[in-house]
Amino acid sequence: MNVPRFRVALYAVAAIVSLAGLADATYLTVQALTGETLTCGGSPDCFRVLGSSYARIAGMPVAAFGCLAYFSVFSLATFAAFAYRRAAALLTLLVGAMFLVTLWLLYVQAFVLHAYCRYCLFSAAITFLLAGLMIAIPPSRA
Amino acid sequence: MKRYLPFIIVGIVALATLGSGALLYQAKRPHLLTIPANKAVSGKGTAESIHIRGNPDAPVTLLEFGDFQCPPCGGAAVFIDQLVKEYHPNLKLVFRNLPLPVHKYAREAALAAEAAGLQGRYWEMHDVLYREQAVWSKADNPRELFDSYAGMLGLNLNQFKKDMAGGKARQRVESDVERANSLGVRSTPTVFINDQEVAPNEKTPNGLRAKIDAALKQKPSKA
């Protein structure tokens, strides 16, 4: 397979995958803004996670930062697919940072809150997939 | 054109995200409930059994529909109790049960509180259940723990067990649930201040203080 074309395809896949993460994070942000995460009515584990102090940073829902991160991944992957070299480097850095944050959030769910929220697990799966894609993308020859 | 294509794609996704987020927010924005005058219960001179903490004649009533297994209710219980003390004699708390089906032991916990209430120790059991929520919520047999809490509170244990299984406690819980259904209350904690529902984001110590202060301005203070 032609390597540049393979790179473009993988960046396009990363952009599409990040849209799933963006949708998930947008939903969680809206839930946090409407105050739904401060009440019980749905899954008890989700409310234990999303209603905890770990779900906010300086009063802002963590999901809002997730929105920003996934949107940045989408933008950078799109620009990388169009051969913007700096975008590719920034994308790798961003996904690396998101991977570390995801590990921390999984640790909090497993060992601090002892509860898992399926929306958070979905987001973690998306980030792991993005990290896998970043590893799979062959390095630029230039 | 190809030069601008990534900018166009990113712009479209940004607009689509903001638009769908705004639509979702509109759809999910809470519609706050009001208790109609014919459904309001003052707590005094009524045949219905309700649990009141604070001064029964207080001008401001904080009505809570709560679930003993709901973590946010446990958090709210701590500061609501503090608010009742802080605003004494101007604030009373009325607690009603709304055990949600998603919480496995919530109904049994509500029965335990009502059974303790039949021996005049409702609020003591209410406090223990919230304080120990993390323990009994994860127990295989929470009934044993409820019995031990009853013993700790000095209740007649045999009577407590009988009451938990009996019709009176069940009737009290069911009457609260029916009331919640008739008002359209679906989640916990749902808080009303003088029959006006408090928005979810305002169910914080400062949010409730602001609502109580506003209610006190409308009704004369006892102090």
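# A walk from the A–B interface to α6 of chain B

Start with both chains on screen: 24 residues of chain A are in contact with 30 residues of chain B (contact means C-beta atoms, placed from the backbone, within 7 Å). Bear in mind that this is a predicted model, where local features need pLDDT of at least 70, side-chain atom pairs count only at pLDDT 80 or more, and totals for chains, interfaces and linings use all residues. Residues are numbered from 1 along each chain as its sequence is written, while chains are lettered from A and ligands numbered from 1 in the order in which they are written.

**Stop 1: the chain A side**

Select α1 (3-34), α2 (44-50) and α3 (62-81) of chain A; each supplies at least two residues of the side that touches chain B. Helices here are DSSP runs of H or I, at least four residues, numbered from the N terminus. α1(A) gives the most to that side, with six residues. Colour the chain A side by type and you get twelve nonpolar, ten polar and two charged residues. For this split, Ala, Val, Leu, Ile, Met, Phe, Trp, Tyr, Cys and Pro count as nonpolar, Asp, Glu, Lys and Arg as charged, and the others, Gly among them, as polar.

**Stop 2: α3(A) against α1(B)**

Now show α3(A) with helix α1 (residues 5-28) of chain B: their axes come within 9 Å and cross at roughly 160°. Axes are lines fitted to C-alpha atoms, for helices over the stretch in contact, and angles run from 0 to 180 degrees between N-to-C directions. The two helices are therefore roughly antiparallel to each other (over 145 degrees). Turn on side chains for F71(A), F74(A), S75(A), T78(A) and F79(A), which meet P6(B), I9(B), V10(B), V13(B), A14(B) and T17(B). The residues of this contact divide into eight nonpolar, three polar and no charged.

**Stop 3: G66(A)**

Stay on α3 of chain A and pick G66(A). Is G66(A) buried or exposed? It is buried, with 26 other C-beta atoms within 10 Å. The cut-offs are 20 or more other C-beta atoms within 10 Å for buried, 12 or fewer for exposed, and partly exposed in between. Leaving aside neighbours within four places in sequence, G66(A) is in contact with A25(A) and S123(A).

**Stop 4: V78(B)**

Hop over to helix α2 (residues 71-86) of chain B and find V78(B). With 12 C-beta neighbours inside 10 Å, V78(B) counts as exposed. Draw a C-alpha to C-alpha distance from V78(B) to N97(B): they are 19 residues apart in sequence and 17 Å apart in space.

**Stop 5: α6(B)**

Next, select helix α6 (residues 142-152) of chain B, where P142(B), F146(B), Y149(B) and A150(B) are buried. They cover an arc of only 100° around the axis, which puts them on the same side of α6(B); the arc is that of the directions from the helix axis to the C-beta atoms. Spin the view, and the face turned away from the buried side carries the exposed residues E144(B), G151(B) and M152(B). The buried residues pack against α3 (106-117), α4 (122-131), α5 (133-136) and α7 (157-165) of chain B. Just after α6(B), G154(B) takes a positive phi of about 75°.

**Last stop: α6(B) with α7(B)**

Keep α6(B) and add α7(B): they pack at an angle of about 135°, with their axes 10 Å apart. That makes α6(B) oblique to α7(B) (neither under 35 degrees, nor over 145, nor 65 to 115). To see the contact, select D147(B), A150(B) and G151(B) in α6(B), which meet L157(B), F160(B) and K161(B) in α7(B). These divide into three nonpolar, one polar and two charged.

Technical notes:
Two residues are in contact if their C-beta atoms, placed from the backbone, lie within 7 Å.
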